[in-house]
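Got the viewer open? Let's take a walk through this one, a stop at a time.

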Amino acid sequence: MAKLKMIDHSGTTDKQRCGYVAIIGRPNVGKSTLLNHILGMKLSITSRKPQTTRHQILGVKTVEDIQTIYVDTPGIHQRRGTAINKYMNRAATSLLNDVDIILFVVQAKKWTEEDQAIIEKLHSVKCPVLLIVNKMDILDNKKQLLPLIQDLSVKLDFTEIIPVSALNGINIEILEDKVAALLPENVHFYPGDQVTDRSMRFLASEIIREKLIRELGQELPYTSTVNIDKYDEDENIVRIHATIFVESKGQKAIIIGKKGARIKSIGTKSREDIAKMIESKVYLNLWVKVREGWSNDERALRGLGYSE
Ligand SMILES: Nc1nc2c(ncn2[C@@H]2O[C@H](COP(=O)(O)OP(=O)(O)OP(=O)(O)O)[C@@H](O)[C@H]2O)c(=O)[nH]1
Ligand SMILES: [Mg+2]
């Protein structure tokens, strides 16, 4: 790296900064909403239900000499140790020693045992950890903020504590400036116009999963996943064939709904969002299939895209 800089005569790499910033926290605190707000686009799916994000997703933001590579992660949790739960915890914690900065996101006024368990993991990391206190819009009184920050400041030696609202965009620019100041000098790893490492195919499967979660609310069989069987692009249209896998016939019936009404609605909403994302006409064919026990079967998981 140093050698590269010496032979570079343009002078641009001298000023360039680039680094990885992990966004971690327990489920449902607003990590993906935060990433989307920073990027100014909907990249990572969000919902009111915990455990929405299941994979690491990179969101790259390049502004002039500064490239920040954010990594959205699944919520770190302490639930039943099924194969998928373990996969999600691994996806969220495996990067802690490989990033330049960690944003530990918590929810204002709601410190839980799961937050405390994450603190234990953070004791050993070497990089700066910023505590992001999200959902500050739910505080009825701004006077609650100072004692709240004082309480949180004793939990770990945080580099910064920043109260934000990812939903309303409060203090996000301040957060981005603090991150930029901590980034190491480095050449940019991604082209300036690249936003993510993920394929359109993957993002399409995520959009379908989001509609599934949102459409089903509390009825959602947590053990559902989406597989893209075919993704064909031609000049005028993208044709996608996808399968929703569930674990029982009962779950399949719930997703299909009365006379197929629910699967139709999931399909329409997914198609609209995918079309917006890829700026093309989309044909979407959705199937629902039962694959018993997939979420607790390492091999089935790998076959369905859950592999590091
Ligand atoms: N009031 C309020 N709600 C928020 C804010 N940020 C996120 N939310 C809501 O919190 C819920 C969870 O948001 P997500 O971004 O999906 O949370 P997450 O941490 O990525 O969750 P997992 O992927 O399940 O770990 C959604 O209903 C969001 O709209 C905020 O600043 N204020
Ligand atoms: Mg998420």
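**Start at a strand pair**

Select Val63 first: its bridge partner is Ile66, in β3. Now widen the selection to the two strands, β2 (57-63) and β3 (residues 66-72). They run antiparallel, with 7 bridges joining them.

Keep in mind that you're looking at a predicted model. Colour the protein chain by pLDDT and you'll find an average of 92, with 94% of the residues scoring at least 70. For a contrast, pick residues 1-11, where the pLDDT is below 50. Beyond near neighbours in sequence, that stretch has 6 contacts in the model.

**Out to the whole sheet**

Next, show every strand in the open sheet: there are 6, in the order β2-β3-β1-β4-β5-β6, and the pairing is mixed. Look at the edges, β2 and β6 (160-163), each of which pairs on one side only. On average, neighbouring strands here are turned by 25° against each other, direction ignored.

Now add helix α2 (residues 31-39). What does α2 touch as it packs on the sheet? You should see β1 (17-24), β2, β3, β4 (101-107) and β5 (129-134). The direction of α2 makes about 30° with that of β2.

**Last stop: the magnesium ion**

Select ligand 2, the magnesium ion, and look for its protein donors: Ser32 (OG) and Thr53 (OG1), 2.0 to 2.1 Å away. Ser32 sits in α2 and Thr53 in the loop between α2 and β2, so this pair ties together parts 21 residues apart in sequence. Are these donors buried or exposed? Ser32 is buried, at a relative accessible area of 7%, and Thr53 also counts as buried, at 7%.

Terms used
Residues are numbered from 1 along each chain as its sequence is written. Chains are lettered from A and ligands numbered from 1 in the order in which they are written. This is a predicted model: local features need pLDDT of at least 70, side-chain atom pairs count only at pLDDT 80 or more; totals for chains, interfaces and linings use all residues. Side-chain values use heavy atoms; hydrogens and water are left out. Donors are N, O and S atoms within 2.8 Å of the metal (3.2 Å for Na, K and Ca); water is not among the atoms, so sites may look incomplete. Helices (H or I, at least four residues) and strands (E, at least two) are DSSP runs, numbered from the N terminus. Buried means under 20% relative accessible area, exposed over 50%, partly exposed in between (1.4 Å probe, protein chains only). pLDDT is the predictor's confidence in each residue, from 0 to 100. Contact means heavy atoms within 4.5 Å. Two strands pair if DSSP finds at least two bridges between them. Axes are lines fitted to C-alpha atoms, for helices over the stretch in contact, and angles run from 0 to 180 degrees between N-to-C directions.
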